[in-house]
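Visitor: I'd like a close look at one part of this protein, the part packed away on the inside. Could you walk me through what sits there and what surrounds it?

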Amino acid sequence: MTEINPTLKNVAVVGLGKIGLTLAAVFANNGFNVYGADINKKVVASVNQGKSHVKNEPGLEQLVENAHRHRTLTATSNTSEAVNQSEVVVVIVPVLIDEENNVDYHFIDPAVEAIARGIQKGTLVIFETTLPTGDTRNRFGKKIEEKSGLKAGEDFYLAYSPERVYSNRIIEDLKKYPKIVGGLNEESLKIASLFYQKALNCNLIEVSSLETAEFSKVAECVYRDVNIALANELAKFADEKGVNISEVIESSNSQPFSNLHFPGVGVGGHCIPIYPYFFINRGLKNGLTQLARDVNDKMSDYAITKIENTIGSLHHKNILILGLAFRENVKETTKSSTLLLIDHLKQKQANIFLNDPLFTDNEIAKYATPLSLNDKMISKIDVIILQAFHKQYENLDFKDFVNCKIILDGRNSLNKEMINQLGIKYKGIGN
């Protein structure tokens, strides 16, 4: 057995996206020398200038600047080189799903091959990317063994510790949430725990295997997806009964064993709409997990139907969607419910307009016609759908939408009374 290196000074972070860059910057400000690796040369260039390409993440820009000034964070597009200089390798390259909801490894597979080309004896490799259960051991551990000629658990150490953070508060969550850690063997678990204690100074939950750690992250996402689906189902039933679901949730959750989630026009992002398929595609079929996915993905269709039931056909109607992002105050479009809304509205042959203060007109134009809230065209809008309740929408005055017949509040966040006073019909989800 190779002796554990107690210094752990050099760390390669493979993948410099929102979470990867934050991890790299935090490590680099906590006494480590960090080599960030990313295939995007623009990302590499910005990090090497001390600039964060990730915006709207409190504290991150300062951490990157500090690390650059102290020369503890550099970036490269040569993953093998970064790995070769490091005692610890943290992998945070995305694993997604394709259009048929099959697991898509096309980003992470070449990254792992590059790691295998650069790895040295005694290196600790930790996967933080959310993975199907068994992949750390059976897909990636074996791939590193095959390409490097080294033996996992003997020549290099292998661990899994899922990222559990939330956009717009990643640094805060890294301090607050316990780090779940699983290892290939006792030595892998020991060195991984030692690393996170030094790098994050957070509480640890050591679990018995790689697979337990992998399973725990996906289980968190399934829990949320299923409970949001329950809230959506109850909201639709509340609509039928003329009951306000927001009042129901507040009342029911006063009982300590009730934790009803909030309904909405859909569920987006990198986690909840994607990771349940890591279970579904590996055998967890025809149960609550699959049903929840179906319920949540059909909420956009339900919203469109509510509008049609109120004003009739949407053919050639001017419809404005507020929010391209998958949720409020985050500039990310992955699995955004807006994309489903747009698909439905195209089928109805509606004229689709889109506003999002976090995106440029050129970025919005890839999906629909961009519309400024100062544009004269707003006087011709027939329908408004709120999809992402950005802070810029909190005090939005709808008085200039003189032709608007209905506002579908997909997040139950707007002022119903104010909207009704303008003569515009207000519709929420379960409200």
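Guide: Let's start with the largest nonpolar core, which in this predicted model has 44 residues. Val11, Phe27, Val34, Leu124 and Phe195 are the ones with the most contacts inside that core. The element that gives the most to it is helix α1, residues 18-28, with eight residues. There is another core as well, lying apart from this one, with 42 residues, among them Val14, Ala82, Leu131 and Ala213.

Now zoom in on α1. This helix is mostly covered, with 10 of its 11 residues buried. The buried ones are Ile19, Gly20, Leu21, Thr22, Leu23, Ala24, Ala25, Val26, Phe27 and Ala28. Phe27 is a good one to click on. Setting aside residues up to four places away in sequence, Phe27 touches Val11, Val13, Phe32, Val34, Val90, Phe195, Ala199 and Leu200. Val11, Val34 and Phe195 in that list also appeared among the residues with the most contacts inside the core.

What else touches α1? Try Leu63, which belongs to helix α3, residues 60-69. Leu63 touches Ala25, Val26, Asn29 and Ile171, again leaving out residues up to four places away in sequence, and both Ala25 and Val26 are on the list of buried α1 residues. Leu63 and Phe27 are 36 residues apart in sequence, yet their C-alpha atoms are 9.7 Å apart in space. Is Leu63 buried or exposed? Its relative accessible area is 17%, and the cut-off for buried is under 20%, so Leu63 counts as buried.

Go back to Phe27 and follow its contacts Phe195, Ala199 and Leu200; they take you into helix α8, where these three are buried. Helix α8 covers residues 186-200, which makes 15 residues. From its first C-alpha to its last, α8 reaches 21 Å, close to the 21 Å expected at 1.5 Å a residue. Other buried residues in α8 include Ser188, Leu189, Ile191, Ala192, Ser193 and Tyr196. Here's a handy bit of background: an α-helix has 3.6 residues a turn, so residues three or four places apart point the same way. Right after α8 comes Asn201, with a positive phi near 50°.

Is there any empty space in here? The count is one cavity of 30 Å³ or more, and the largest cavity holds about 80 Å³ of space. Ile19 and Leu23, which you met as buried residues of α1, are part of its lining. The other lining residues are Glu128, Pro162, Glu163, Arg164, Val165, Asp173, Leu174, Tyr177, Pro178 and Lys179. Helices α1 and α7 (170-176) each supply at least two residues of that lining. What kinds of residue line the cavity? They divide into seven nonpolar, no polar and five charged.

While we're on covered residues, have a look at Tyr157 in strand β8, residues 157-160. Its relative accessibility is 0%, so Tyr157 counts as buried. Tyr157 and Val88 are 69 residues apart in sequence, and 9.2 Å separates their C-alpha atoms in space.

Farther along the chain, here's a pair of residues that touch each other. Asn355 sits in strand β12 and is buried, with a relative accessible area of 11%. Beyond its neighbours up to four places away in sequence, Asn355 touches Leu320, Ile321, Leu322, Gly323, Leu324, Ile364, Leu371, Ser372, Leu373 and Tyr393. The last of these, Tyr393, is in the loop between β14 (383-386) and β15 (406-409). Although it is in a loop, Tyr393 counts as buried, at 1% relative accessibility. Asn355 is among its contacts, along with Leu322, Gly323, Asp356, Pro357, Leu373, Leu386, Ala388 and Leu414. Tyr393 and Gly323 are 70 residues apart along the chain, with their C-alpha atoms separated by 9.4 Å.

For contrast, finish with two loop residues. Asn286, in the loop between α11 (276-280) and α12 (288-297), has a positive phi of about 60° although it is not a glycine. Asn286 is exposed, with a relative accessible area of 77%. Gln349 also has a positive phi of about 60° without being a glycine, and it lies in the loop between α14 (337-347) and β12 (351-355). Gln349 is partly exposed, with a relative accessible area of 49%.

Key:
Residues are numbered from 1 along each chain as its sequence is written. This is a predicted model: local features need pLDDT of at least 70, side-chain atom pairs count only at pLDDT 80 or more; totals for chains, interfaces and linings use all residues. Side-chain values use heavy atoms; hydrogens and water are left out. A nonpolar core is a set of buried Ala, Val, Leu, Ile, Met, Phe, Trp, Tyr and Cys residues joined through side-chain atoms within 4.5 Å. Buried means under 20% relative accessible area, exposed over 50%, partly exposed in between (1.4 Å probe, protein chains only). Helices (H or I, at least four residues) and strands (E, at least two) are DSSP runs, numbered from the N terminus. Contact means heavy atoms within 4.5 Å. On a 1 Å grid over the protein atoms alone, a cavity is a set of points where a 1.4 Å probe fits but cannot get out, and a pocket is an open set with protein on both sides within 12 Å along at least five of seven lines; lining residues have an atom within 4 Å of a point. Grid points are joined across faces, edges and corners, and a volume is the space filled by probe spheres set on the points. Ala, Val, Leu, Ile, Met, Phe, Trp, Tyr, Cys and Pro count as nonpolar, Asp, Glu, Lys and Arg as charged, and the others, Gly among them, as polar. The expected span of a helix is 1.5 Å times one less than its number of residues.
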